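This report goes through a metal site and two charged residues in one chain. Please have the structure open while reading.

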Amino acid sequence: MLIGMDVGGTNTDVAIVGDEIVSVKVPNDRGIPAALDRITSQGRLGVSSSQPLNRILTGDPVRVVTILFPGPGLAWPGLLKGSINHRGDAVERIDPDEVRGFILENPGDAVAIASKFSVRNPVLEEEATDLAKEHYPDERIARSAPLALLDFPARVTTTRLNARLKETVCKLTAEIGKGRPDFFFFKGDGGLASPQVVRENPSLLFNSSAAAVALGAFFLSREKECVVVDIGGTTTDLVPLHNGSPRMRTLISDGERTLAETVETLSIPFGGDSELSGGLQPHRMGNALAFGGPRPTLTDALNVEGAEIGDPSRSVRVGKSEAEDAVDRYLDQVSYAVKETGMDRIVGAGFLAPILIPRIARRAGMRFTVHTDSGCANAVGVAVSRVSLTLHARFDSGRKRAVLNGEVQGLKCMGDDDSLIGFCREEVRRRALAAGAYPEDVRKIDLVSFQAYDVVRGGFRAERIADVVVRIPPGITMEAL
Amino acid sequence: MTAGLVFHPDYLLHEQSPGHPERRERLSYTIDQFREEGVFSHRSIRLITPQPASRESVMRVHFSEYLSFLEGSSKTGGFIDFDTSIPIHLWEAALLAAGGAIRAADAVLDGEVENAFAMVRPPGHHARPGTGAGFCYINNMAVMVRHLQDRGVMKILILDWDAHHGDGTQQIFYEEDSVLFTSIHQYPFYPGTGSVDEIGLRRGTGYTANMPVPAGTGDESYLYLFDTVIGPLAREFEPDLIAISAGQDNHFTDPLTGLALTARGYSEMMRRAVDLSRDICEGHLVAVLEGGYSVEGGLPYTNLGILAALAGLDLSCIREPSGFLEWLRKVRDPSAHRGVVENANALRTNLSPFWRCFGSS
Ligand SMILES: [Zn+2]
C-alpha cells in the first residue's frame, strides 16, 4: 500500500492507494495524530506539510541571527573573520571570541550560519555551529553547506528560512515518527525525502501542496499536456503540466532569491469557501452554510443553483440572482485564466471539481477530465511519489578531497571522468536505497552536469578538479505503475 | 544602474596547449567566484551572451590574407610565434571573443546597460593587421572600436592597462586623431614598445600616450597616473566612449610580470574610470579582458573587483586573502613610484604641444 497525507489549510487529506483508492478528510483542529489514527493499513507513508510551514512564515516573526563569513569579495554587513576560497581552502580562520561576542550582542530565536564557499569546505560553519550551540539547541541552528550549491546570497536567504523552519520540522518529524518511524516528507519538487535530509534543508518542503496536486492529477488522468485546476477552499490553483511535469521556479523570500524550487502555480483568490457578501469576496470566513459555517459562500451559491453539497437546505438564505452572479463571476475569472495558459485540456482536482470543472471548461472552450478520485488528488500525489535525491560532488586531486553535498571526504585516487560519474551514480543510488527508496526507482540516474579541468603548475598538468551533479528525478514510483 | 557582463561558456574552451599560461583554467576560478557571489543573478549586473563576430567586422582591422591563414590553420593546427600557436577551432574561438567585445559595445550604445565588461578569451591587444602575437589573434579592442565608429561614435579613448604594452592596438590607431590611445605597462618588457616618445604619426600625432612603469609599481602609482595623466587628457579630449583593455596581469601574484597592483587597486582604478565616463560621456564605458595569468592567485579577485566597480557596488571587501600580503611585500617596490613620476613628466613634455592640460597654449 502507498499512503499519502497532505496537511492543508483546514483539513488533512489522506489517500491509501492500492488496487483501489480510499480517502479520508480529517479537520486539522483534531491534530495530526488524529489523521494518522485513520490510517489502518500498513505501507509506505508520505507526508506533505507545506501548510504548517507556511503558518510559521506568516505567523509571529522569528528573530534569526545571521552569522556570516563572507571573506574577500562582495561586501556583506556584519562580516566576521574567516574565509574559504574558491578552491575550498580555509585561507583565514575564525576568531572564536569574535563569534562568541557576536552571538551575545545579537540575541535571537534561531541562528543561520553561512560562509562563502562552505559547499567546498564547511569547516568555518562547523566551528561556528559549535559556538552557537553554547546558546541555542541544534533544532534552531541552520548551516548553508548542506545546500550544496554555489550562490552565497541565495544560500544565506535559504539558510535564514531554514533556521526559522527547522524546529517545526523536527517537531513534525517526532510527532509523525511516533507512529510511523519510517515515513517520508513530500518535497516541493514532487519527490520524497527522509526526515534526516529535510532536517538539514527544510526549504525542500516549500509549496509541496502544489506539487502534490500536480503529481496526483497526472497519476489519475495520465494527461501529459494539460492544466490542472485545483479548486480549494480559499483559492483555485492552476498548474500547467508539460510532458506530465509542472514547471519549476525559484522561490523568492522577502524579495530575495532562495535555492528552493517550487512548482509554478497561478493562484486565483476564490474557492469553495469564498464569502458571499455583496458579491463574491476574495477571503474565507469559515465553512459554507451547507457545512454549518457562519456565512454564505460560493458553495452555498452552487446549492442554490441546484447542486447538492453538504446540507443544501441551509444554503437557501442566499438569493437566486446573488448566487447566479457569484458563480458567474467565479467561472469568468477561472475560465479566463485557464484559457491564458494556452493549454487545451483541463484536469480537475479538489472537492468541487465534479461540479465546477465541466462549467469552467465549457466557458473556456476546452476539453476536461475529472476523475472519480479528483477530490483527493493531492493526497494521491503524495502517495504515489518516489524518493528523489540530488548529489553535488566535487573532486580535487590536489587537495585529496571529495565534497559530497557539503560534506568532506578523503580522496585517495581520482579515476578518469567516467569512473567519477560512475562513482556519483552509485553513491546517489546507495543513499536513496538507504533512505528507503523502492529499488526499481533508482535504476535510472540523470547526469545533470559534469565539468572538469586541469590545474597546471610549471607548464605541466599537476592536479585535476571535477564537479559532478547527478540526480534521481522526482516522479511516480514504479510501485504504483 | 546596470553593468553588463558579456560571457560565453565557450570562452572556457580555447587552449593552445594544456600547459600554456593563457589556458582554460584562467577563467574557471573566476567563474566559480562569480557563481558564489551571485553575480549571474545580481540586480545590478546583466549577463549578456555574445555571438561570433562576422568576417566583415574583423576585416575592418585585419588583412584578408591573414584572416584566411587563421581560418585555414584552425582546421589543421598552425603556428604564429613561439608563444602563439593556432590550435584547432581557434578561428571560432577568436571570432567569439571579438564578437563579445562588439556585443558589449552594442549593449552600452543601445542603453541596455550603462557599461559593460567583456570577459573574453583569447585576448587581442598584441594582434596587428597582418599577424597575431603574444597569445593574441584578432584584436578584439580594435574590432570593437571600428564597430563603434561604424555606428557613428566619433571619438573614443582607449585605456590599455594590461601589464604588456598594447602594441597591436597602438599601431592600428597610430595615425588617427579620433582615437586617443593611452597605455600603462611595465617597461622595459615584452613586446619592447611603448616608450614615452611614441606619440603618434601624422594626423595622429599627440594621440598616443604611453605611461611606462618599472617593475614593482603598485596601486598608488596607477592611481597617480589615472589622476594626473589619463583624467586630464580625457577631459580635454572629450570622448564619446571610454574603452578599457583590462589586462589583469599587473596583479602582484601574476607569474609573467613584475608589477604590484592589488585587487582593490584595480577596482579603485575602474571606479575612477566609471566616474570619469559619467562626467564626460554619459557613462559609456566598455572594458575588454586582455591578459592575466595568476590562475591560482589574484584573478578571481581582480575580475570581481572590476565588475563590482562597473556595477557601482561596495568595494570595501574587494581584496585578496590575508595570506597573500607577504607575497605583495616581496613584489612591491616603493621606490618604483619615482620612476613612474619621471616617465609621466617626460610624457607630459612630449605631449605639451598638443594638449592644453600639459601646457600648450
Ligand atoms: Zn599582458
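The text below describes a predicted model, beginning with the metal site.

The zinc ion is coordinated by Asp162(B), through two OD entries, by His164(B) through ND1 and by Asp249(B) through OD, at 1.9 to 2.8 Å. Angles subtended by the four donor atoms run from 52 to 155°, which makes the arrangement irregular. Along the sequence, the donor residues follow the spacing D-x1-H-x84-D. Distant parts of the chain are linked here: His164(B) lies in the loop between β6 (156-160) and α6 (167-172), and Asp249(B) in the loop between β9 (241-246) and α8 (263-281), 85 residues apart. His164(B) and Asp249(B) are both buried.

Glu198(B) sits in the loop between β7 (179-186) and β8 (208-213) of chain B. Glu198(B) is buried but has no salt bridge; Arg128(B), the nearest side chain of opposite charge, is 11 Å away. Residues touching Glu198(B) include His165(B), Tyr174(B) and Asn210(B).

Arg121(B) belongs to the loop between β5 (115-118) and α5 (140-150) of chain B. Its relative accessible area is 1%, so Arg121(B) counts as buried, the cut-off being under 20%. Among the residues that Arg121(B) touches are Leu12(B), His14(B), Arg24(B) and Ala97(B).

The table lists polar partners of the two charged side chains.

| Side chain | Partner | Distance |
|---|---|---|
| Glu198(B) | Gln170(B) side chain | 2.8 Å |
| Arg121(B) | Tyr11(B) backbone oxygen | 2.8 Å |
| Arg121(B) | Glu22(B) side chain | 2.6 Å |

Terms used: Residues are numbered from 1 along each chain as its sequence is written. Chains are lettered from A and ligands numbered from 1 in the order in which they are written. This is a predicted model: local features need pLDDT of at least 70, side-chain atom pairs count only at pLDDT 80 or more; totals for chains, interfaces and linings use all residues. Side-chain values use heavy atoms; hydrogens and water are left out. Helices (H or I, at least four residues) and strands (E, at least two) are DSSP runs, numbered from the N terminus. Buried means under 20% relative accessible area, exposed over 50%, partly exposed in between (1.4 Å probe, protein chains only). Lys and Arg count as positive and Asp and Glu as negative; His and the chain ends are not counted. A salt bridge is a side-chain nitrogen of Lys or Arg within 4 Å of a carboxyl oxygen of Asp or Glu. A polar contact is a pair of N or O atoms within 3.5 Å; within protein, one must be able to donate a hydrogen and the other to accept it, and residues adjacent in sequence count only if both atoms are side-chain atoms. Contact means heavy atoms within 4.5 Å. Donors are N, O and S atoms within 2.8 Å of the metal (3.2 Å for Na, K and Ca); water is not among the atoms, so sites may look incomplete. Four donors count as tetrahedral if all angles lie between 85 and 135 degrees; four count as square planar and six as octahedral if opposite donors are over 155 degrees apart and all others between 65 and 115; anything else is irregular. Lists of a residue's contacts leave out its neighbours within four places in sequence.
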